[in-house]
Amino acid sequence: MSTITMGVDLAKQVFSVCELDGAGRVSQRKDLKRDSFAIWLVQLPPGTVVAMEACSGAHHWARRCIEYGLVPRLMAAQFVKPFRKSQGSKNDRNDAEAIATAARQGNMRFVAVETVDQQARLSWHRVREGYKAEGLAVSNRIRGLMAEFGVVVARSDHALRRALVDDVVRQQLPTMLHPLLDELQQHWQQVRERIAACDTTIAAHAKADTRSVRVQRLICVGPLTADALVATIGDGREFTHGRQLSAWLGLTPTQHSSGGKQRLGEISRRGDSYLRTLLIQGARSSLQRANAVALEKATAEQIWIRGLAQRLPFGKVLVAIANKHARQLWAMLARDEDYDAEAWLKHPMVQRPATSRKQTVAA
């Protein structure tokens, strides 16, 4: 393994590179254009550590480094910032040096390099989210235009679609506005069709992946969440345990502890906001199902959820359920296990009823 560490500040056209020797001293700096940077990577000795921030294009260059026998190290930007010598003087060269210095820390947490398949699958999710935002913007634009002329529509897509084809409503609007509303309605319909097409493709991806099929056996995890989870974390083995995954998703409280006193704040909301949103939405469905099922037919998890709902506010209940689901999903992926609702009974710390212990001894 080479002792040289290269810090690279990525950009679209001009990349800044800082080389640190084995003692952590800067041996050289250079600025390379995109084509020159690709040629420069090939010339590096195998085993050289190439450190980058996990930004746009970082996974592409990390895969190129692996092809050339190099060791890519991707880090979150917030972990690099403290190593920049001057917080008030930010430039590409200072950033490259800070990246290289941060990568040399023994306790640094690195981002796993995503495969081409993972990035391609996540692209469908990103575009779908863009279509959702665009569809909401178009519907709000239509509502705003109609409200200008005294026509206020209920806050639902169904009500808006019904109003747009209602002759009585159209008569209340100026004739000059009709062609414009028709165009907006057509555009809105196209966006909804695009979202439906994304849903179909994502469902097909989830169906073709055995890991996605496995995690869907957990209640309230559908194709969208399953595909996003597997495409983001793969088998989940980059995390030591499920608690690390839930913390990475921002489902754990912030801490302001000192002097032996624990002070917990609100959830950190760090990490992947998209996955966190999907898990919390799934937790909402889990809560509804737990409240709807009869107590004698409820599972152990549903009884736990009902107990939470009785003593905690609604929002905290959802976060607690999402946190538990994240840890369960990690166990299913990292250990290649199917969902087992009674898995908690196998834990050595579980207190079993006395009758169960007597039956075990007799057996």
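**Exercise 1. The sheet**

In this predicted model, determine in what order the 5 strands of the open sheet lie and how they pair.

*Solution.* The 5 strands follow the order S3-S2-S1-S4-S5 in an open sheet, and the pairing is mixed. Strand S3 (26-33) and strand S5 (71-75) occupy the edges; each has a single partner strand, so one side of each lacks a neighbour in the sheet. On average, neighbouring strands are turned by 20° against each other, direction ignored.

**Exercise 2. Pairing between individual strands**

State the sense in which S2 and S3 pair, then do likewise for S1 with S4 and for S4 with S5.

*Solution.* Begin with strand S2 (residues 14-20), which pairs with S3 in the antiparallel sense over 7 bridges. Within this part of the sheet, serine 16 is placed opposite aspartate 31 in S3.

Next, take S1 and S4, whose pairing is parallel and comprises 4 bridges. Here threonine 5 stands opposite valine 49 in S4.

Finally, S4 and S5 run parallel and are joined by 5 bridges. Valine 49 faces valine 71 in S5 as its opposite residue. Valine 49 is thus a point of reference on both sides of S4, standing opposite threonine 5 and opposite valine 71.

**Exercise 3. The surroundings of the sheet**

Identify which strands helix H1 and helix H4 lie across, and decide whether S4 is largely enclosed or left open.

*Solution.* Helix H1 (residues 34-43) lies across strand S1 (5-9), S2, S3 and strand S4 (49-53), and runs at about 130° to S3. Helix H4 (residues 92-103) lies across S1, S2, S3, S4 and S5, with a direction at about 140° to S1. As for S4, 4 of its 5 residues are buried, so this strand is largely enclosed by the rest of the structure.

**Exercise 4. The packing of H1 and H2**

Classify the relative orientation of H1 and H2 from the angle at which their axes cross, and describe the contact.

*Solution.* The axes of H1 and helix H2 (residues 58-67) come within 10 Å and cross at roughly 30°. Angles under 35 degrees count as roughly parallel. H1 and H2 are therefore roughly parallel to each other. In the contact, H1 contributes Arg34, Phe37, Ala38 and Leu41, while H2 contributes Trp61, Arg64 and Cys65. By class, these residues comprise 5 nonpolar, no polar and 2 charged.

**Exercise 5. The packing of H5 and H6**

Describe the crossing of H5 and H6 by its angle and by its hand, and list the residues that meet.

*Solution.* The axes of helix H5 (residues 116-147) and helix H6 (residues 157-164) cross at roughly 55° and come within 11 Å. That angle makes H5 oblique to H6. The crossing is left-handed. From H5, Ser139, Ile142, Arg143 and Met146 meet Asp157, Leu160, Ala163 and Leu164 in H6. The residues of this contact divide into 5 nonpolar, 1 polar and 2 charged.

**Exercise 6. Threonine 210**

Establish whether threonine 210 is buried or exposed, and how far it lies from leucine 160 in sequence and in space.

*Solution.* Threonine 210 belongs to helix H9 (residues 210-215). Its relative accessible area is 61%. Since the cut-off for an exposed residue is over 50%, threonine 210 is exposed. From leucine 160, threonine 210 is separated by 50 residues in sequence and by 40 Å in space, C-alpha to C-alpha. Leucine 160 is one of the H6 residues in the contact with H5.

Technical notes. Residues are numbered from 1 along each chain as its sequence is written. This is a predicted model: local features need pLDDT of at least 70, side-chain atom pairs count only at pLDDT 80 or more; totals for chains, interfaces and linings use all residues. Side-chain values use heavy atoms; hydrogens and water are left out. Axes are lines fitted to C-alpha atoms, for helices over the stretch in contact, and angles run from 0 to 180 degrees between N-to-C directions. Helices (H or I, at least four residues) and strands (E, at least two) are DSSP runs, numbered from the N terminus. Angles under 35 degrees count as roughly parallel, over 145 as roughly antiparallel, 65 to 115 as roughly perpendicular and the rest as oblique. A crossing is left-handed if the near helix is turned anticlockwise from the far one by less than a right angle, and right-handed if clockwise. Contact means heavy atoms within 4.5 Å. Ala, Val, Leu, Ile, Met, Phe, Trp, Tyr, Cys and Pro count as nonpolar, Asp, Glu, Lys and Arg as charged, and the others, Gly among them, as polar. Buried means under 20% relative accessible area, exposed over 50%, partly exposed in between (1.4 Å probe, protein chains only). Two strands pair if DSSP finds at least two bridges between them.
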